[in-house]
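Grab a pencil and work through the exercises below. Try each task on your own before you read the solution.

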Amino acid sequence: MDAAYMDSFRPSNFGAKIVSEFPSELPGDAKLHEAYESVIAKDWETAMQLLKECSALEFSSDKIHAFALNSYATFCFLTGDIDNAMALLDKSVALDPKNMNSLIKRASIFMERQDLESALRAYEKAESVSKNDPDLYYHRGQVRFLTGDITAAISDYTRSLQLDNDFVYAHIQLAVAQYKNGEQSLSLDTFSKALAKFPQSAEIVNYYGEVLLDMEKYADAEKNFDKAIELDSKSPLPYINKSILHLQWTRDPVTAEKFCRKATEVDPTCDIAYIQLAQLLIHQNMLEAALEAYDTAITVTRTEPELVNAISCREACAAQMYVAKQFPDVYAKLRGAAAAMSQ
């Protein structure tokens with residue numbers, strides 16, 4: 001379960017804190033409380049089953065029922081059941097038309113379907129309901145960032161922080177967007193201020209390390225990745241980044257593979273870790289092991305674009321292995337040429 005998506009919304013707009021304030025008198029209310037006990041315990045499978053059950057029960061109000069439908073939709077979205085997620089959100093919005101969280105998540109689903117035009121229209125609709133919701137600008141900023149509209153993304157992240165300066169992810173994304181926009185000194189300053197404000201945030205330290213890695217400040221980048229691991233040893237991202245760092249800096253694929261495998265240990269559902277591992281194994285000409293890594297990535301991918309990417313990479317690896325077995329002399333020459341070009 002991608003808990004990071006749930007964390008991308010302020011607790012005041014979505015999550016267990018809101019549920020704790022709901023009554024628990026009617027069957028739907030009680031089941032919703034029970035579901036969120038499982039959410040807090042990160043027992044995702046139980047939580048999803050309870051949300052499914054409670055969505056059809058009686059609630060104290062339409063608002064609470066809408067929240068339950070939104071919650072179940074979120075789980076469906078995160079497990080790749082996109083159509084059901086949208087149907088549930090439509091029902092949720094019908095019960096509570098001004099719920100910004102539901103309106104924003106509808107836009108997220110349009111993006112998952114790669115329908116940018118509909119996503120932006122959905123954000124416009126949400127903005128017509130409230131121009132003062134910081135999550136709206138954060139999530140629209142994400143869409144604009146991913147589609148290359150960096151200047152507009154910076155504007156949205158800035159607006160999100162103006163409305164609520166205590167959301168760590170908006171600080172991170174603003175700094176990253178500034179860096180992508182060529183505003184290096186401004187980006188580093190944003191990171192510096194964010195680190196001072198959130199000194200225990202593994203996420204800030206990790207993403208700061210990524211920027212330093214891109215700047216080829218390898219020693220400083222590694223210090224940040226190590227700090228991120230110290231702050232949150234269960235996140236796969238700094239291990240993946242250390243893997244990339246050692247491949248680029250020390251040109252040590254064995255050490256890079258070690259960190260990548262560590263990433264798969266701490267989060268066996270992280271498809272990025274398996275794809276990175278597969279690429280490292282290909283680099284070492286361990287093609288059968290690479291195929292196995294791609295197969296695992298395929299089983300844990302959440303969305304259709306991720307699945308298509310994993311399958312495409314696997315098929316390319318399979319083709320490479322076929323050439324290696326059927327035409328070993330040709331394959332050896334190709335590997336030699338590739339090695340020479342990488343030096």
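**Exercise 1.** Work out why arginine 251 counts as exposed, and find what is unusual about its backbone.

Step 1. Arginine 251 has a relative accessible area of 60%, so it is exposed. The cut-offs are these: buried is under 20% relative accessible area, exposed is over 50%, and partly exposed is in between, with a 1.4 Å probe and protein chains only.

Step 2. Now place it: arginine 251 sits in the loop between α15 (237-248) and α16. Helices are DSSP runs (H or I, at least four residues), strands are E runs of at least two, and the numbering starts from the N terminus.

Step 3. Check the backbone: its phi is positive, about 50 degrees, although arginine 251 is not a glycine. Most residues other than glycine have a negative phi.

Before you go on, a word on the model: it is predicted, so local features need pLDDT of at least 70 and side-chain atom pairs count only at pLDDT 80 or more, while totals for chains, interfaces and linings use all residues. Residues are numbered from 1 along each chain as its sequence is written, and side-chain values use heavy atoms, leaving out hydrogens and water.

**Exercise 2.** Do the same for glutamate 216: where is it found, and what is its phi?

Step 1. Glutamate 216 is in the loop between α13 (202-214) and α14.

Step 2. Its phi is about 65 degrees, a positive value for a residue that is not a glycine.

Step 3. With 57% relative accessibility, glutamate 216 counts as exposed.

**Exercise 3.** Describe the salt bridge between glutamate 230 and lysine 227.

Step 1. Start with the rule: a salt bridge is a side-chain nitrogen of Lys or Arg within 4 Å of a carboxyl oxygen of Asp or Glu. Here the N to O distance is 3.7 Å.

Step 2. Both glutamate 230 and lysine 227 belong to helix α14 (residues 218-231), and they are 3 residues apart, about one turn of the helix.

Step 3. Glutamate 230 is exposed at 61% relative accessibility, and lysine 227 is partly exposed at 33%.

**Exercise 4.** Which helix holds both glutamate 265 and lysine 262, and how do their side chains meet?

Step 1. Both are in helix α16 (residues 253-266), 3 residues apart, which is about one turn of the helix.

Step 2. Their side chains form a salt bridge, with 3.9 Å from N to O.

Step 3. Glutamate 265 is exposed, with a relative accessible area of 56%, while lysine 262 counts as partly exposed at 33%.

Step 4. Salt bridges can also share partners: Glu127, Arg140, Arg144 and Asp156 are joined that way into one network.

**Exercise 5.** How many salt bridges does a search of the whole structure find? Then look at the one between aspartate 164 and arginine 10.

Step 1. The search gives 19 salt bridges.

Step 2. In the pair of aspartate 164 and arginine 10, N and O are 2.9 Å apart.

Step 3. This pair links distant parts of the chain, 154 residues apart: aspartate 164 is in the loop between α10 (150-163) and α11 (168-180), and arginine 10 is in the loop between α1 (3-7) and α2 (16-19).

Step 4. Is arginine 10 buried or exposed? At 3% relative accessibility, it counts as buried.

**Exercise 6.** Count the disulfides, then check two cysteines.

Step 1. A disulfide is a covalent bond between the sulfur atoms of two cysteines. The rule used here asks for a pair of cysteine sulfur atoms within 2.5 Å, and the count comes to 0.

Step 2. Cysteine 270 is in no disulfide: the nearest cysteine sulfur, in cysteine 260, is 8.6 Å away. Cysteine 270 is buried, at 8% relative accessibility.

Step 3. Why is cysteine 317 not bonded to cysteine 313? Its sulfur is 9.3 Å from that of cysteine 313, the closest one, and that is too far for a bond. Cysteine 317 is buried too, at 1%.

**Exercise 7.** Find the surroundings of threonine 301.

Step 1. Threonine 301 lies in the loop between α18 (287-300) and α19 (304-326), and at 14% relative accessibility it counts as buried.

Step 2. Leaving out residues up to four places away in sequence, threonine 301 touches Asp271, Glu306, Leu307 and Ala310; contact means heavy atoms within 4.5 Å.

Step 3. Its side chain also reaches the backbone oxygen of isoleucine 298, at 3.0 Å.

Notes. A polar contact is a pair of N or O atoms within 3.5 Å; within protein, one must be able to donate a hydrogen and the other to accept it, and residues adjacent in sequence count only if both atoms are side-chain atoms.
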